[in-house]
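Visitor: Could you take me through one part of this structure up close, and then step back to what surrounds it? Cut-offs along the way would be welcome.

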Amino acid sequence: MIVAAVVLIALLPAADVEFDAGTKAIFAAKCAGCHGKAGGLDLSSAAALLKGGASGPAIVPGFAAKSLLIDKIVTGQMPPGKMPKLKDAEIDQVRAWINQQKAMPVVEVAQVREQDARAVIQARCVMCHGGLRKEGGLDLRTVASRLKGGKSGPALVPGKPEESLMYKRIANGTMPPDAMAKELAVELPTEAETEKIKAWIAAGAPEPQAVAVASDAKVAPDAAKFWSLIPPQRGKVPANGEKNPVDAFVVAKLQEKGLKLAPEADKLSLMRRVYLDLTGLPPTKADITAYMNDKAPGAYERLVDKLLASPHYGERWGQHWLDLAGYADSEGFGQDDGVRPFAWRYRDYVIRALNADKPYSEFLTEQIAGDELSNDWRSAKTASQQMVDRLAATGFLRTVPDPTNSNERGLLAERMNVVADEVEVLASSVMGMTVGCARCHNHKYDPIPQRDYYRLSSILQAAYDPYEWRSPNKREQALGLEAEWKKYQEHNAPLEAEAKAVKAEIEKLLEPVRKETGKKDREILRENAELREQIEPLQKKQQEIRRKMLPPPHVRILADNEEPSQHYLLRRGDPVGFGDPVDAGVLTVFEQVPGLAKYEAKAPYAGTSGRRLGLAKWLTQPNHPLTARVAVNQMWMRHFGRGIVPSVANFGRTGVAPSNQPLLDWLAVEFVESGWKMKAMHKLMVTSKAYRQTSKVDESVLKADPENALVSRMPMRRMDADTLFDSLASAAGYLDATAFGKPADVTVTADKEVIVKPGPKGYRRNIYVLHRRQTPVSLMDSFDQPPMTPNCTERRQSNVATQALHMMNGSITWDLAQYMAGRVIDESEGDRAKVVENVYLRAYARYPKPEEVKLGVAAIADFRKGWPVKLEDTNTAAPRAATAEWMAVANYCHAILNSAEFSFID
Amino acid sequence: MPSSRREFFSRLTDGLHGAALAALAAPAVTFGNGGGSPVFDLKPKAPHFPGKAKAVIHLFMNGGPSQVDLFDPKPTLNRLAGTAPSRELSFAISNGKEAGTIMPSPYTFKKHGKSGIELSSALPHLAECVDDIAVIRSMYGEHANHEPALFLMHSGRTIASRPSIGSWVTYGLGSENQNLPAYVVLDDPKGLPINGISNWQSAWLPPIYQGTRFRTEGAPVLNLQPRAEIPTPLVEAERNLISKLDAAHRGSRPYQPELDARISSYELAARMQMAASDALDLNQESEATREAYGLNDEATRSYGKRCLMARRLVERGVRFVQLYIESQIFDSHGDLKNSLDYACGKTDKPIAALLKDLKQRGLLDSTLVMYGGEFGRLPMSQGPVKSAGRDHGPNGFSIWMAGGGVKGGTVYGATDDLGFKAVENTVSVHDFHATMLHLLGMNHRDLALERHGLKERLTDQFPARVVKEILV
């Protein structure tokens, strides 16, 4: 039987301290409506204030600044919403009253339970005395193991704190030892925490109580009666003659406003749009010619099929997914912003999965719990691509900035931040929920009690155990393809031999001195300058050799600790503000969703908890109210520029309601019932008339549908950073289409501009460029490439002067303009009119009009006149005239690449 | 008149466009009372209430200046010199093996000015300006490491990825000069501070609010000047061609405001080339001014130039200017006196010149100058006696503010007898941020951005108090 121990540290009725008249009136007027005698927190007496509510005591007598009550008031959290706030003078009055209560007896009625003591032990002790390490043979995690103790004997003598080593050593300051605490980023226990351990022992060291079951009154019984929590139903497709259901729903909505679809965009505008949308690359001249010549019905649909089958599809849509995941190639901290070697395996997994049209349900499951699908990877070293991929998929929840490789930055608070960021990634990208609020308090608008935040967070905390933490470089699995191991060995073997030789040289110098003096190496080197001068260059050489070595092939993974710690609700998000213990689970409001199976964590094999696998199973239920809706809405936003739910990461009460819910729900059901196939959804969307509309708009339509919520046209859009970079390189014929693997490096110029290093074949696509958080490529940064903090659910589109400066004056565009000029001159056999045509095809994917040819030819002639003067002092082997023509065409290309038509998509 | 002088310059560089903008100040950015969706541009915005400060110059002192050697005299250190520190104090040092004993300051403190504020002999020039500054001696931070402490000071949290103070200010107030960036960073050519460009990031605020680095040497902005290899007339010819192409493109696509915005951005880029070069041309300054800022002396030249540039920028209506100094110059882990002599030797004279110059031009009343690092230092020694320094101390440190509505000649708050912890009238970094916003006419609770269902603020959800005691 589980025994609940109740220990009273101090039980005194608070002397009946009176409020002053002003304070009393303020509470009565502004607070009593909710915080009367009936509620959780009662503000009707001083004693009740001290007792407090779910977040602990409301005041600290004598210290207004430390009182939760004041905190809530001055931060504007209370009174909530539109209720009248306290005036400054009123706040001062309450402050003054609290400050006067220095003599008020502190009343603390505390039930000391095992879990309260364990919380302290977890925060301060288990890094050394837990599941991963057992210093001195001691494991402090359970009552039994405390009784058993370690090399120094039992740690616990129930009822006798002064005889219990686990209390004595903390109280006398020997535990945790300073040096160890620093190395493992553990902070010293506070006095209050030490007291908790003492009180628990004094109470006879009771066993833990069962964790309270989640269901309680915190979620209103009708909380799930909100549109996004009711599973979608496939409604009837409106019978308005439209063949594509997408159009039928869109037209029905337009008709309500007396609007209709806009005319179809012209053939080449549409071609450019769908190319950039599905592959992120513009069509080539050959593509354009072939498409123009395809006069048979269904040419557009065939084009869409071709693009969806293109390997570039996965690169384009992979980037969208990487935005959601918050992918970057570096840790994000420290002067060196440490690169994450092999992070790219996750990027490659995403691209391959999308190109293979892996069902979204499987795609999600692998990313949330790829490690729990099978344990074959644990014993393997050489692996198939499939095994590597399934494991690399867990990189989805390994993306956020993580400073904890440094012990100075590995404190509990920072570990908790890593977990919180991953929860944020998961919730915003997959669930469309804003859970972050509930980290510190119950969500004010959505039915998410704070406890539920920690239930959700506990799912990840089996792997991201904040108490027995693994730093990022300890979350790697040595695993790779056979070819990778071979390359690694072949590359490193000679270097290792070289390093061994250098080491031998050093030994030869040191060994005799060691023997002679019996001193340690460091001491010898400090004292013996001559020897130091000989050895230092050798050590440098050693380092250089080591730098040249390749890291062993590995996969960055997320996998559980074998025995995860107990988790707690953390009051106000404070990492040591331990409230009640919580079990892993999803938000309890979903228990109200009819027909939805409950979350269940079942270990698929020994050594893992199955919590994440349970989450994946729960999320990918066909009737889940959010998963499919959020996914199709994301796709819709990327295609149409605006989500059906415009707040793509917030399907809650503070989000924006769907502009066309029947459409959203029909798509969501269709998505699930057609096997969660993403390519089918793309095809449905981009072959609709709605997608094929022109972006031209007139005043009446603009008035009737100002934000294009009804899809009365296609929005004109500026290219995002990736599309811009890839299109520039592609137009210039300087795109290296090599897929996958190690990213292309970036370099910082003398001017501190960050630019991409082209390879021998040109620039790789932006998705294959190193994305280091602290050195984003300047051009991309100015075009709103998001800093991953932690992720990006929707890109912003700004138009600012720095973009113009980079495009006009930067080296990348000018270099590319010259490449482009070379290509078009070669293609055009000296005919300037043809040059203009080829430039238009490359940059705008259309043929120029006669007046545009005229303008272009004249411009080139004009540019040509400006070059001979300049070329007088260039030392070029090529004939000057040819160079001048080349440069003139480069000017022309440069202007075209800088024109609005290039960077905007009709 | 200060405002007219600033207005004079912004008219000068903006032409009619700028004057019209100034007259049509947009409504205040506020979400405290359920305001509408925010406008993301740099047009001047009305504050929440009239604020004294129109611009901010943030003199960030990288490394953590030692309060007990500069601003916070502690005679007790002399009395306890050489004695062992408490466990709490010795645990505060990062490497326990380096923990030494209580160490007095190598400098002497003296009262200065009418206010009689005590300053150390390391700051002789600032001593002449004490009646214009308010020293807060009771600051406290949250972390003893540079990175998180810098993040805290710059963005209100110890983590990466939140908008910086300059981004919040320009988001709230826009800029009075449309030809220059609203938020300018003058970093040291010798190297970026810790956390690099993250210190002036806009994070999830739009990138227009990101700090723009103006370099002290060469072209002030990345790619500001046309490529040298393209003949100048051809640069013009390219621009003309782009204008023609864009006009035709725009003409056949009515009602697309994005296209207008893009055309304006290209025009601004061209204007910026002129305006930025002019703003940073220090040859326009008199010899006396150059001398006062220390431009004729090797030790003070680099920082002096940045101080002078800062004045020229705020004079032209730039909203927020941030100055940095050699990566961690105040990080005095060893050789305390030499280290501080070096750091103060580079900065003391130019900073005093800046204060005097702003005052003399009538700009100090409307320009908030803020001086401080990411934390302070410990009262005990670190490392071997001969070359001892002090380790990081986030629990109590000093900063000062001047101008823009700050009551000069004020000292606020106190640390304990050792200068280890702030104990009296303590001021958190959030309080400091709230005070800065208040001086600019903004309520820290109302300057917010709705994001993922949260009202994000510079002060986040933390309690924060305006330090009214240092205001005029």
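Guide: Here is a strand in chain B, followed by a look at chain A.

This is a predicted model, so keep in mind that local features need pLDDT of at least 70 and side-chain atom pairs count only at pLDDT 80 or more, while totals for chains, interfaces and linings use all residues. Residues are numbered from 1 along each chain as its sequence is written, and chains are lettered from A and ligands numbered from 1 in the order in which they are written.

Start with strand β13 of chain B, residues 397–402. Helices (H or I, at least four residues) and strands (E, at least two) are DSSP runs, numbered from the N terminus. Six of the six residues in β13(B) are buried, so the rest of the structure largely encloses this strand. Buried here means that 20 or more other C-beta atoms lie within 10 Å of the residue's own (12 or fewer is exposed, in between is partly exposed), with C-beta atoms placed from the backbone. F397(B), I399(B) and M401(B) point one way, and S398(B), W400(B) and A402(B) point the other.

Now for the neighbours of β13(B). Strands count as paired if DSSP finds at least two bridges between them. Strand β5 of chain B (residues 133–140) pairs with β13(B) in the antiparallel sense over five bridges, and V135(B) stands opposite W400(B). Strand β9 of chain B (residues 367–372) also runs antiparallel to β13(B), joined by three bridges; there, M370(B) has M401(B) as its bridge partner.

Over in chain A, there are 37 helices and ten strands. Of its 906 residues, 49% are buried, and its C-alpha atoms fill a box of roughly 100 × 90 × 55 Å along the principal axes.

One helix pair to pick out in chain A is α11(A) (residues 267–278) and α13(A) (residues 299–309), whose axes come within 10 Å and cross at roughly 25°. That makes α11(A) roughly parallel to α13(A), a label for angles under 35 degrees (over 145 is roughly antiparallel, 65 to 115 roughly perpendicular, the rest oblique). Axes are lines fitted to C-alpha atoms, for helices over the stretch in contact, and angles run from 0 to 180 degrees between N-to-C directions. Contact means C-beta atoms, placed from the backbone, within 7 Å. M271(A), V274(A), Y275(A) and L278(A) of α11(A) meet L303(A), V304(A), L307(A) and L308(A) of α13(A).

Conventions:
Two residues are in contact if their C-beta atoms, placed from the backbone, lie within 7 Å.
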